[in-house]
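Colleague: I have this model open on my screen and would like to talk it through with you. Could you take my questions one at a time?

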Protein chains: 2
Amino acid sequence: MREEAKEFLKNLNIAVIGLGLMGGSFAKRLRERTKCRITAFDCEAETLNKALADGVIDAGYTEGNEELKKADLLIVCLSRDNMLSFLRQNAVYLREGQTLTDIIGIKGNSVEAAKNLLPDGVDYVPAHPMAGREGCGYDMSRADIFDCANYIIVPNKRTSRKGIKIVESLAKALGCSHIPVVTTKEHDRRIAYTSCLPHVLATALVNSPSMDGRMGRFIAGSFKDATRVADINAALWARLLLADKKALLQEIDRFKEALDKVEESLLQGDKEGLEEFLKEAGTRRREMIREYRKGQHE
Amino acid sequence: MREEAKEFLKNLNIAVIGLGLMGGSFAKRLRERTKCRITAFDCEAETLNKALADGVIDAGYTEGNEELKKADLLIVCLSRDNMLSFLRQNAVYLREGQTLTDIIGIKGNSVEAAKNLLPDGVDYVPAHPMAGREGCGYDMSRADIFDCANYIIVPNKRTSRKGIKIVESLAKALGCSHIPVVTTKEHDRRIAYTSCLPHVLATALVNSPSMDGRMGRFIAGSFKDATRVADINAALWARLLLADKKALLQEIDRFKEALDKVEESLLQGDKEGLEEFLKEAGTRRREMIREYRKGQHE
């Protein structure tokens with residue numbers, strides 16, 4: 001199946017828009033695993049020169065131009081606002097028959113806006129590769145961030161079946177795991193739970209009034225893991241959390257429901273109830289990881 | 001300093017009581033790094049035979065006996081209840097001048113009980129190596145679990161300065177990081193925050209009503225990390241959480257205070273306030289990790 005995906009991409013001309021951590025990783029992995037032609041667009045000439053020297057792109061441009069028209073598949077690796085600016089400025093270079101996908105983490109406030117900027121006939125396939133790592137910029141990009149990552153496709157009424165297939169092939173060629181196809185609403189609801197909420201919990205944990213300067217002497221793996229993502233890109237995440245605010249507020253409420261059960265058991269000294277709760281958590285965690293790993297063998 | 005610690009332990013006769021994950025790891029690391037004599041006591045003959053075959057202990061016994069008297073330092077690697085039983089049954093083999101330490105994770109309900117079972121003149125140095133890994137039993141034990149781990153010493157009125165020094169040398173020889181010395185109350189308060197609370201948050205997160213069988217297709221690193229410890233030894237942790245119940249309930253309240261701030265910012269659409277909160281979290285996390293790492297170079 002993955003071989004098929006590579007074969008499918010072989011003759012494609014791919015444009016990567018924005019050669020930062022994500023865009024650079026796309027280019028690196030595609031170069032490593034496929035024969036497609038890769039053109040990059042990034043406002044920094046230095047970044048393009050690095051990527052050319054690394055051999056991960058075939059050509060690079062600091063501005064949109066006629067070359068964009070040659071692309072069969074455009075992968076826009078920009079934040080929401082930068083993507084919208086890019087589309088506004090470069091709609092003239094986009095044409096019927098092209099597939100355009102993105103990597104925006106919250107879809108509710110980006111899909112409609114982007115759709116309205118695209119010329120008719122451009123097949124827009126919003127997507128969300130759940131890959132990433134600390135840091136930002138081309139220098140931090142790495143081909144292996146896609147290994148075993150989930151890659152969510154979030155089509156809308158305008159997305160064609162062919163467009164979905166192309167992005168599925170892309171995700172497979174990258175080495176991703178599950179490639180679920182869901183609505184915008186389902187995407188944002190699930191992401192509120194699996195991504196926004198853990199970031200909120202991690203930041204709230206270190207921001208507890210109990211934290212003090214000596215606490216690093218009393219931590220072990222559980223606290224380190226629970227707070228890893230608290231070292232956060234504050235501006236980016238404030239935007240993302242607010243963009244998914246409605247679903248996130250509901251997830252916070254649901255989380256509190258579960259937390260209340262623990263509190264109640266502690267208050268009552270209900271050892272059995274507490275043990276039951278913890279057992280259930282263990283079962284759920286193992287089932288979730290089993291489901292997650294299934295994608296790696298599909 | 002670490003060389004000094006090894007030198008100090010060189011001629012000691014050490015008894016490890018309970019050769020499970022922790023006891024086995026103590027024996028393996030001490031064998032690797034010191035010249036001390038290691039005797040193990042464990043109810044399973046098979047475990048002792050394995051450890052003898054591995055060369056990590058010099059002698060092993062399935063029951064307490066006169067050999068216990070020869071030990072200069074006893075490291076009791078048992079749960080609270082098993083430790084109390086052991087002390088009850090073997091007090092007759094303990095003698096003045098011995099140092100006895102343990103690894104119990106919550107001190108409030110174990111120190112007094114243990115103290116009352118010890119013969120006069122046994123120097124009791126309660127401690128908490130913040131090392132560990134998944135699984136249990138000798139087969140899962142590993143010398144390297146102590147690398148960069150914090151090792152908390154929790155003396156009481158009966159603990160001598162010499163006893164504290166001995167356990168400090170032990171922790172250094174094992175390769176541990178910080179070795180703070182605190183009261184029972186401070187220990188249990190800090191552990192409620194750095195260990196009990198993260199375990200509660202991880203289990204509450206997977207036990208949210210939002211979890212369903214497909215969620216493994218929508219997760220990435222943040223959710224995996226946030227729930228790693230949700231796959232928990234339910235019986236053991238129900239006991240530990242209840243033993244530290246008072247401090248833990250306070251930590252849950254304080255955590256909720258921080259969580260409420262996020263909720264308020266979201267409700268108000270207060271981007272600046274949210275960004276400020278996230279920035280503060282990043283700063284705190286980095287400072288904590290800096291403090292944690294300091295211990296590795298001391």
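Here is our conversation about the two chains and how they meet.

Modeller: Happy to help! This is a predicted model, so local features need pLDDT of at least 70 and side-chain atom pairs count only at pLDDT 80 or more, while totals for chains, interfaces and linings use all residues. Residues are numbered from 1 along each chain as its sequence is written, chains are lettered from A and ligands numbered from 1 in the order in which they are written, and side-chain values use heavy atoms, with hydrogens and water left out.

Colleague: How many residues does each chain bring to the contact?

Modeller: Contact here means heavy atoms within 4.5 Å. Of the interface residues of chain B, 100% are also interface residues in chain A, so the copies meet through the same surface. Chain A gives 90 residues, and chain B gives 90 residues.

Colleague: What turn lays chain B on chain A?

Modeller: The copies are superposed by least squares on the C-alpha atoms of residues with pLDDT of at least 70 in both. The fit has an RMSD of 0.0 Å and a shift of 0.0 Å along the axis, with a turn of 180°. The two copies are thus related as by a two-fold rotation axis.

Colleague: What area is buried between the two chains?

Modeller: Buried area is the accessible area (1.4 Å probe) that two parts lose on being put together, summed over both. Carbon and sulfur atoms give 65% of it, and the total between chain B and chain A is about 8,900 Å². On the chain B side, 9% of the area comes from B:Tyr193, B:Arg217 and B:Phe218, more than from any other three residues.

Colleague: How many residue pairs are in polar contact between chain B and chain A, and which helix supplies the largest share of the chain B side?

Modeller: A polar contact is a pair of N or O atoms within 3.5 Å; within protein, one must be able to donate a hydrogen and the other to accept it, and residues adjacent in sequence count only if both atoms are side-chain atoms. There are 46 such residue pairs between the chains, both residues at pLDDT 80 or more. Helices are DSSP runs (H or I, at least four residues), as are strands (E, at least two), numbered from the N terminus. The largest share of the side of chain B that touches chain A is 18 residues, and its source is H11(B).

Colleague: Which residue of chain A does B:Asp225 meet in a salt bridge?

Modeller: A salt bridge is a side-chain nitrogen of Lys or Arg within 4 Å of a carboxyl oxygen of Asp or Glu. The rule finds 14 across the interface of chain B and chain A, including one between B:Arg190 and A:Asp212 (3.1 Å, N to O). At 2.2 Å, N to O, the partner of B:Asp225 is A:Arg228.

Colleague: Where in chain B is B:Tyr93 found?

Modeller: Its C-alpha atom is separated by 6.0 Å from that of B:Glu66, 27 residues apart along the chain. Leaving aside neighbours within four places in sequence, B:Tyr93 is in contact with residues including B:Gly64, B:Leu68 and B:Gln98. B:Tyr93 is found in the loop between helix H5 (80-90) and strand E5 (99-102).
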